[in-house]
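Colleague: Please take one part of this model and go through it closely. I would like the strand pairing and the turns, and then the spaces that the protein atoms enclose or border.

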Amino acid sequence: EMLRDAANDAGPRWREINHRTDDGAAVAVRYIAMNAGEDGRVIAIGRDNRAISQLEQRLVQAQQAMEHDYRKLREAESRYRVLFQLASEAVIVVDAITRRIVEANPAADRLIGSADTSLVGREFSSAFEETSRDAAISLLAVAQGGPNLTAQSTLRQGGRALDVAASLFRQDRASLFLVRLSSR
């Protein structure tokens, strides 16, 4: 095609041709062919594209690695969701800046929520009696500087005494607390 187009003065167009070497490897060469006169001669100019081919191959490998990592991440997130939903321990996730509940599992909804309203979006401190709110709030402040810490607090609804444990973690450039609530 390249030689035919050059003989017919169809205009130069780059084409890539892979040449096999004696050891079975392929060398990609990019050619352009031009008519060199009326006697049918054609000039073909080639450019070795091995460096570009290697870059393309590395790009494909990087894309495949990213797809593999994303698949593993989605699988891990799916496992997390199942564990979070099925856990018998009440667990809530609290935004470290706003101190609002961003996620709560069904056990937490049963323990400190009500049947018709969700905990998500509520202030963390609103779940506790006024006399024990300070302990729950100060637990979050202290947990920012250390590992898993525990405090005792009393629920506003039902007046149950609880152990409240908090751990700070980061996700998507946000600081969050993982708060576990258990009956004493």
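Modeller: In this predicted model, β1 and β2 make a hairpin in which five residues separate the two strands. Glycine 24 sits in that turn and has a positive phi of about 90 degrees. The strands themselves, β1 at residues 15-20 and β2 at residues 26-35, pair in the antiparallel sense over six bridges. Two of the facing positions can be named: glutamate 16 is opposite arginine 30 in β2, and asparagine 18 is opposite alanine 28 in β2. In general, side chains in a regular strand alternate between the two faces of the sheet.

Strand β2 also pairs with β3, residues 42-48, again in the antiparallel sense and through seven bridges. Within this pairing, valine 29 has aspartate 48 of β3 as its bridge partner. β2 and β3 form a hairpin too, with six residues between them. The turn contains glycine 37, whose positive phi is about 145 degrees. β2 therefore pairs with β1 on the one hand and with β3 on the other, given that a pairing needs at least two bridges.

The largest cavity draws on this same stretch of the chain, with Arg15 and Ala33 in its lining. The other lining residues are Met2, Asp5, Ala6, Gly11, Pro12 and Arg13. Helix α1, residues 2-7, gives the most to this lining, with three residues. By type, the lining divides into four nonpolar residues, one polar and three charged. The volume of the cavity is about 40 Å³, and a search of the whole structure finds one cavity of 30 Å³ or more.

The largest pocket involves other elements. It holds about 360 Å³ of space. Its lining comprises 13 residues, and Glu77, Tyr80, Arg81, Phe169 and Gln171 are those nearest the centre. At least two lining residues come from each of α2 (50-86), β5 (101-104), β7 (161-171) and β8 (174-183). Of these elements, α2 supplies the largest share, five residues. Eight of the lining residues are nonpolar, one is polar and four are charged.

To place these parts in the whole chain, there are four helices and eight strands, in the order α-β-β-β-α-β-β-α-α-β-β-β along the sequence. The three strands discussed above, β1, β2 and β3, thus follow α1 and precede α2 in that order. The chain has 184 residues, of which 28% count as buried. Its accessible surface comes to about 12,300 Å², and carbon and sulfur atoms account for 50% of that area. Among contacts between residues at least 6 apart in sequence, 33% join residues at least 24 apart.

Note on methods:
Residues numbered from 1 in each chain as written. Predicted model: local features only at pLDDT ≥ 70, side-chain atom pairs only at ≥ 80, totals over all residues. Heavy atoms only, no water. Buried < 20%, exposed > 50% of the residue type's maximum accessible area, 1.4 Å probe, protein only. Contact = heavy atoms within 4.5 Å. Areas by Shrake-Rupley, 256 points an atom, 1.4 Å probe, with all protein chains shown as cover. 1 Å grid on protein atoms, 1.4 Å probe; cavity = no way out; pocket = protein on both sides within 12 Å on 5 of 7 lines; lining within 4 Å. Points joined across faces, edges and corners; volume = space filled by probe spheres on them. Nonpolar A, V, L, I, M, F, W, Y, C, P; charged D, E, K, R; others polar.
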